[in-house]
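Trainee: I have just opened this entry and would like some help finding my way around. Could we go through it together?

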Amino acid sequence: MPASIARRSATIKLAIGMAIIGTVGAFGVESGLDAVTIVFWRSVFGTVFLLVWCLIFGYLPDRSLSLRKLTLSAAAGSCLVLSWAAFFAAISMTSIATTTIVFHIQPFFVVLIGALFLKERVTRDQLLWMTAAFVGVIFASGLGWSSGSVDRVWMLGIGVTVLGALCYAITAVLGKKLGEQRPEVTSLCQTAMGVLIFAPFVHFGQSISLPSWGWLLGIGIIHTGIAWVIIYSAYPQLSTPVIGMLSFIYPIVAVVIDWAIYDHPLGLSQATGMLLIAISTLGARLGWRIRMLTGATAKIGRGWALTLNWILSVVVFAIASSGSPGPNNMLLTTTGANYGFARSLPHVFGTGVGICMIFLGLGVFGNQLLENETFRNVLKWGGVVYLAWLAFKIATSRPDAASQGDADSAQPLTFIQAIFFQALNPKVWLGGASGILAYGAVSEGWSALAMSVAFALVFASVSMPCGASWALMGASARHVLRSNRSLRLFNIAMAILLLASLVPVVLN
């Protein structure tokens, strides 16, 4: 067969395979069963199909199988089936489209795992694409235009999806270690692990209708067997750009099905998130380079990369800075205690994005702003006055309004409000200036501007989980602060700590 015809045939096969995979969420919804039951029977039917397939085509017995390969296959299979369970569980909490979109950030987890555990280098472009994809997750989750009233179940579904994407990424990393092992044999080992892992948790006495069995058979044979056999046969004949482009048939089909069948059209926030994740994934897979401006338009040298040591140094600095008590964390703790963790998440993400914007501004303009004494004094005393006023509002707030859900008097900071709050937080400006001076000047082959931008992105990415931990601490205290009196005392204590966090700023 001529090479051009073979490539065309492989392209068609890959497109068909991805389109089939795009319907897996709908099959799970139509089965009407819980995630554990779906994944168990998917593993059972997939194992049977793949075993027969491997025997027919002579892939088994495989004399190259060793204890090491079996162990790696088992570990990868464990992570894979856990990602399946997370995927189907998340669909029941969000929607097919949202879960599928967010799940596609898993290539970036592969990069992070490689950097942290395999000592692989993270290039500037990869770091920027990862940041863009993370912003895409924020928008896809609905937080981009959230007014502060976030559904707890929905946000839990987003968290479960991200966890599932991480498990899938671990599967991909372990899969690289399997070398030339037939993918069908690897998949067989993985589905067999699914049977072993989920068998103890399946309620075999439950009644499953005949239509549900049909959907389960479809997931096990069509999606786990036939589709992946088609995809595996197409991969060797196609280039990376073609595979990268065609892989987005999967989420597109899922989005269309969710809209056409389940009446779940994408909102502006989700569509923006999907676009960001898609562009970022393609950029990372295809090696797109991002040009930056350094006074005059210039191409930052080839092969520049952030070393793991530099990244870890910034991460440690960010944890020490954003994880310590300060105006943001005192406010986040108060928000968590008064409104719960889920309603605090727009505040958490807004804080991270706001910090990133301030740091980027400092990176672009250098420290010229803070070197201006007038600007420094206005920032310092204006921020102190505003935060003192905020402490007063916290101390005199009505706990009963928050508990009763009064929409007018019980609203945490929204995503946008949290961003603007950072402009009035002196600690953010001073911390950003000191961090950029310390780490932005450490040249790794980058320009000073590029290093400052990288510092801002890494710091902001770390600050969000740190802020979330403070909000979670406050939400945990909420279960103890059951009376209005105890919550009022807690708010007063947080207001005092907020004022105390301003003392270093005043004395500086």
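Trainee: Among contacts between residues at least 6 apart in sequence, what share joins residues at least 24 apart?

Mentor: Happy to help, and please keep in mind that this is a predicted model. Take the contacts in the chain whose partners are at least 6 apart in sequence, then keep those whose partners are at least 24 apart. The share that remains is 88%.

Trainee: How many helices and how many strands are there in the chain?

Mentor: Both kinds of element occur in the chain. The count is 24 helices and four strands.

Trainee: What percentage of the residues of the chain count as buried?

Mentor: A residue counts as buried when its relative accessible area is under 20%. The chain has 508 residues, and the part of them that counts as buried is 52%.

Trainee: Which residue forms a salt bridge with E184?

Mentor: A search of the whole structure finds one salt bridge. E184 is one partner, and its relative accessible area of 5% makes it buried. The other partner counts as partly exposed, at 35% relative accessibility. The closest N and O atoms of the pair are 3.2 Å apart, and the partner of E184 is R182.

Trainee: Is S187 buried or exposed?

Mentor: S187 lies in helix α9, which spans residues 183-198. Leaving aside neighbours within four places in sequence, S187 is in contact with L50 and Y232. Its relative accessibility is 9%, and the cut-off is under 20%, so S187 counts as buried.

Key
Residues are numbered from 1 along each chain as its sequence is written. This is a predicted model: local features need pLDDT of at least 70, side-chain atom pairs count only at pLDDT 80 or more; totals for chains, interfaces and linings use all residues. Side-chain values use heavy atoms; hydrogens and water are left out. Helices (H or I, at least four residues) and strands (E, at least two) are DSSP runs, numbered from the N terminus. Buried means under 20% relative accessible area, exposed over 50%, partly exposed in between (1.4 Å probe, protein chains only). Contact means heavy atoms within 4.5 Å. A salt bridge is a side-chain nitrogen of Lys or Arg within 4 Å of a carboxyl oxygen of Asp or Glu.
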